[in-house]
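Work through the exercises below with the sequence and the model in view. Each task is followed by a solution in steps.

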Amino acid sequence: RDWSSDVCSSDLGVGFSSVDKVVLQGSISQSNIFGSGKFVSLAANTGKVNTTYALSYTDPYYTVDGMSRGFDLYKRRFDASSLSTGAYKTDSLGGGMRWGYPIDEKSGLGFGFGVEKATLDTYDSSPTRYKTFVSNYGNDYSYGTLNASLGRDTRDSAILTTDGVVQRVYSEVAAGDLQFYRVGYIHQYFKP
């Protein structure tokens, strides 16, 4: 057994701020759980303004030809009612599945879907655009997304990169109570 491939990392933090008061944050990830080659990550962040709980799982060898499969689940709350930027609060619960398929050693395709149920609460002091959003779409909404990406990574090392290029083009389409589309491109160039 190659123990060098069993990478487990954990993070634990405690903080204090005048807005959040006491903040607890923690995460743990295991890149080769039980020697299976699968990746699992758990994260939690608690604070008065931002609270997040997330679980992520990836099987990089889902099929014999190198296709990967994973899922993500999350619960988030953002409460800006105590901030001077304008009071509002969002609660969201969501998740999704994703697949990746290698084209060659440096390139791959990704695709997946997600669902989210969200609530947006506004107050008298909320920003006008948030109040307008609620009047147009309501406080509660659910939607689903489909996404696809194409990427190429020629870095010499994913951890200690000194040379190479990372490129990714992606798109996402949402339907349900909210409809939108998004297209993007990411480019990173590393020069020794």
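**Exercise 1.** Through how many residues does a hairpin join S3 to S4?

Solution. The coordinates are a predicted model, in which local features need pLDDT of at least 70, side-chain atom pairs count only at pLDDT 80 or more, and totals for chains, interfaces and linings use all residues. Residues are numbered from 1 along each chain as its sequence is written, and side-chain values use heavy atoms, with hydrogens and water left out.

Step 1. Identify the elements: helices (H or I, at least four residues) and strands (E, at least two) are DSSP runs, numbered from the N terminus. S3 covers residues 39-46 and S4 covers residues 50-59.

Step 2. Read the connection: the hairpin between S3 and S4 has three residues.

**Exercise 2.** Describe how S4 pairs with S3 and with S5.

Step 1. Apply the criterion: two strands pair if DSSP finds at least two bridges between them.

Step 2. S3 and S4 run antiparallel and are joined by seven bridges. Across this pair, valine 40 faces tyrosine 57 of S4, and serine 41 faces serine 56 of S4.

Step 3. S4 is also antiparallel to strand S5 (residues 68-79), with 10 bridges between them. Here aspartate 59 lies opposite arginine 69 of S5.

**Exercise 3.** Is threonine 52 buried or exposed, and what does threonine 52 contact?

Step 1. Locate the residue: threonine 52 belongs to strand S4.

Step 2. Compare its relative accessible area with the cut-offs (buried under 20%, exposed over 50%, partly exposed in between; 1.4 Å probe, protein chains only). Threonine 52 has a value of 18% and is therefore buried.

Step 3. List its contacts (heavy atoms within 4.5 Å). Beyond neighbours within four places in sequence, threonine 52 touches Ala43, Ala44, Asn45, Lys75 and Arg76.

**Exercise 4.** Classify phenylalanine 78 by exposure and list its contacts.

Step 1. Phenylalanine 78 sits in strand S5.

Step 2. Its relative accessible area is 28%, so phenylalanine 78 is partly exposed.

Step 3. With neighbours within four places in sequence set aside, phenylalanine 78 contacts Val49, Asn50, Leu83, Tyr88, Lys89 and Thr90.

Step 4. For a long-range reference, take glycine 164: it is 86 residues from phenylalanine 78 in sequence, and their C-alpha atoms are 37 Å apart.

**Exercise 5.** Which residues make up the largest nonpolar core?

Step 1. Define the set: a nonpolar core consists of buried Ala, Val, Leu, Ile, Met, Phe, Trp, Tyr and Cys residues joined through side-chain atoms within 4.5 Å.

Step 2. The largest such core has nine residues: Ala80, Tyr88, Ala118, Leu120, Val134, Tyr141, Tyr143, Ala174 and Leu178. Strands S7 (107-122) and S8 (140-153) are the elements that give two or more residues to this core.

Step 3. Take one member: valine 134 touches Leu120, Thr122 and Asn139, residues up to four places away in sequence not being counted.

**Exercise 6.** Summarise the protein chain as a whole.

Step 1. The protein chain has one helix and 10 strands, in the order β-β-β-β-β-β-β-α-β-β-β from the N terminus.

Step 2. Its C-alpha trace spans about 60 × 40 × 35 Å along the principal axes.

Step 3. Of its 192 residues, 29% count as buried.

Step 4. Among contacts with a separation of 6 or more, 42% join residues 24 or more positions apart.
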